[in-house]
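Grab a viewer and work through a few exercises on the structure below. Try each task yourself before reading its solution.

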Amino acid sequence: MSNSSINSNPRLSTSQIAWVIFAIWLVSLFILGGLQLLNLPFGFAVWPMGEDRNWLGFMHDGKGLEMMHEFWKMNDRNPLSPWWWFIGSPLIYQTDWGLYLIRKCVDPFLAIITFFLLDRLGHKQCRTFAFCVAIVVLVWNFSGSFRDINYFNQIFWDFLVALGFSLLTIFFYCRYIDNQRTMGSDLGLAMICYFISIASYTLQSGAIIAVAFLGLFRLSKSQNWITRLKHALVDTGFFAAIFLIFNCIWYTVNRNGHAFYQLNWHTFSDQFLTSMRQFFFHTLYLNATQLTQADWSLWVISVIFIVVFLLFCFILFKFPANKVLDSQVKIPIAWTCMVLLAIALPTMIVESTSNIWYPGSRSLMVQQVWQPMLYIGIIFFIANLFPAKNSQRLRRGVLIAVALIGALASVLNLNYNYRLVVRTQYQATLAKGLKQLNIPQGVAPFFLVKITGLHNQDIDTIPILIGNYGQSLLHQDNATLRTFASQPDPLREHYWRIKFGPTGVVNAGPIGDDHSIPYNNVWIVFFDGKKVWVPERVDKNDFLGLQVDWLRNTPINQTNKKQ
């Protein structure tokens, strides 16, 4: 494609390109839905799991606006976060797949906002870079397991919404500056978006860094230093006031400030570099790659990779390249670095100074935008180091590299969807089996589930610390469901080590309830991923290797509880 062929076609407007990104997202949904219609383990049949069930509990226990109070009992930070769940609650609570659909809708939201921001920062002269980052953001939505945390859930979709509002803060303020500070509405919108972002997820407070940089350097050719400094200080002061007022209110009402939010600066030097490394390449990516290799053969991975790579090449070279992309590979490198710093720095500081939020645990909340912007930014930066940076050969190489990154992310994204669907199938099998048990009317059942046969993390998807799993999974208000821990944990042993006593079971109830539950209310259930059954007799040997105290002299007889 020659320069003249690109420039001879009328260019699409920013809003039209947003519709192009949205259309690409719709095509990806059709592909995913098509795989589901072919009865393949992909698609939208994804249930809430893990910490998602906590939020279902909030919605169940707190009808309507009372959900906010239920949230506050457990989590006294991010006060706007439950309001996002409230907005989505009709879809989330009424349908098993609703939460996953909402999570998928966050993808175009982030991608389009990212394009708007980078296109604005580049004065609409770096559209190829902005578009490339945006389409990779669309598919960079895979996760997995990291250390002792399982991220096979959708719980931080609202934190990604907060990230989007943080990017909007920078976008509106940049437009305010580019219009010579004549559009006061843009400044107001930037301040509103900043408040929404930090009240939804306080670690998205870094947009104020971008405000300071833009205010000081964006109009460097039209204003002298003293004028720029004065305006930058005033504007930054507005955002600093919002941040200060919000934190004063939050500090007044928080309950766990000393336990959860204390910053230990003596750990900064040891943990900061580790946190930074997780931003540049998260350990989770290795985990996601290993899971993909374990699930699929090399030829399956290769076929998926090649097909997606060709789709990306079609988007970048054929449609709608002649009306979207530039003939050059420009990048607003300084402004891009500014955005990356604004997104990451607050999280790095917290991960470096907290004993709870260790390096890598919070960076996952921004990875969908941060990593594509970083990796594609590096490609464009290297391309600009070549003398013939406007040559078509170099441009073609850059777009091929972007297509390779997009294809790799898509493979991991598709495997993540596969894992979610497989886990959902296991949960559906478990729920169906438990519902078929003969529970006497008026009895509140406590199900203790032992995973047998296949031992993999996809079968055992019932977190011990989520007390309302039985209620939300089985849609029964009086049901309690938990599994057995296999690894010791001195800090949590009091809560999850199950004790089989002479007359009852301790820690069979929700987390924190250590009352002894009579055996008449306890069903010890075995589950192998395919079927659920109640053994007639269980004894100490059935729990070898699990965190169990056997304080009985006789086996437990469950003959009267068989199906």
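Three exercises follow, on a sheet, two helices and one acidic residue.

This is a predicted model, so to speak of local features we need pLDDT of at least 70, and side-chain atom pairs count only at pLDDT 80 or more, while totals for chains, interfaces and linings use all residues. Residues are numbered from 1 along each chain as its sequence is written, and side-chain values use heavy atoms, with hydrogens and water left out.

**Exercise 1. Work out the strand order of the open four-stranded sheet, and which strands stand at its edges.**

Step 1: Get the strands, which are DSSP E runs of at least two residues, numbered from the N terminus (helices are H or I runs of at least four). Two strands pair if DSSP finds at least two bridges between them.

Step 2: Check the pairs. E3 (residues 446–451) runs parallel to E4 over four bridges, with Val 449 opposite Thr 483. E8 (residues 522–527) and E9 are antiparallel over two bridges, and Phe 526 has Trp 533 as its bridge partner in E9.

Step 3: Put the order together: E4-E3-E8-E9, with mixed pairing. E4 and E9 (532–533) each have a single partner strand, so one side of each lacks a neighbour in the sheet.

Step 4: Look at the faces of E4 (residues 480–483). Thr 480 and Arg 482 on one side, and Leu 481 and Thr 483 on the other, are all buried (under 20% relative accessible area; exposed is over 50%, partly exposed in between, with a 1.4 Å probe and protein chains only).

**Exercise 2. Compare the spans of H8 and H9 with the expected values.**

Step 1: The expected span is 1.5 Å times one less than the number of residues.

Step 2: H8 (residues 157–178) has 22 residues and reaches 31 Å between its first and last C-alpha, close to the expected 32 Å. Of those 22 residues, 21 are buried.

Step 3: H9 (residues 184–200), with 17 residues, reaches 24 Å, close to the expected 24 Å. The cover over its buried residues includes H5 (81–94), H8, H10 (207–217) and H11 (225–253).

**Exercise 3. Find what surrounds the side chain of Asp 542.**

Step 1: Place Asp 542 in the loop between E10 (537–538) and E11 (548–550).

Step 2: Look for a salt bridge (a side-chain nitrogen of Lys or Arg within 4 Å of a carboxyl oxygen of Asp or Glu). Asp 542 is buried and has none; Lys 450, the nearest side chain of opposite charge, is 4.6 Å away.

Step 3: Look at the backbone instead. The Asp 542 side chain reaches the backbone nitrogen of Asp 539 at 2.9 Å.

Step 4: List contacts (heavy atoms within 4.5 Å). Leaving aside neighbours within four places in sequence, Asp 542 touches Lys 450, Phe 526 and Arg 537.

Methods: Lys and Arg count as positive and Asp and Glu as negative; His and the chain ends are not counted. A polar contact is a pair of N or O atoms within 3.5 Å; within protein, one must be able to donate a hydrogen and the other to accept it, and residues adjacent in sequence count only if both atoms are side-chain atoms.
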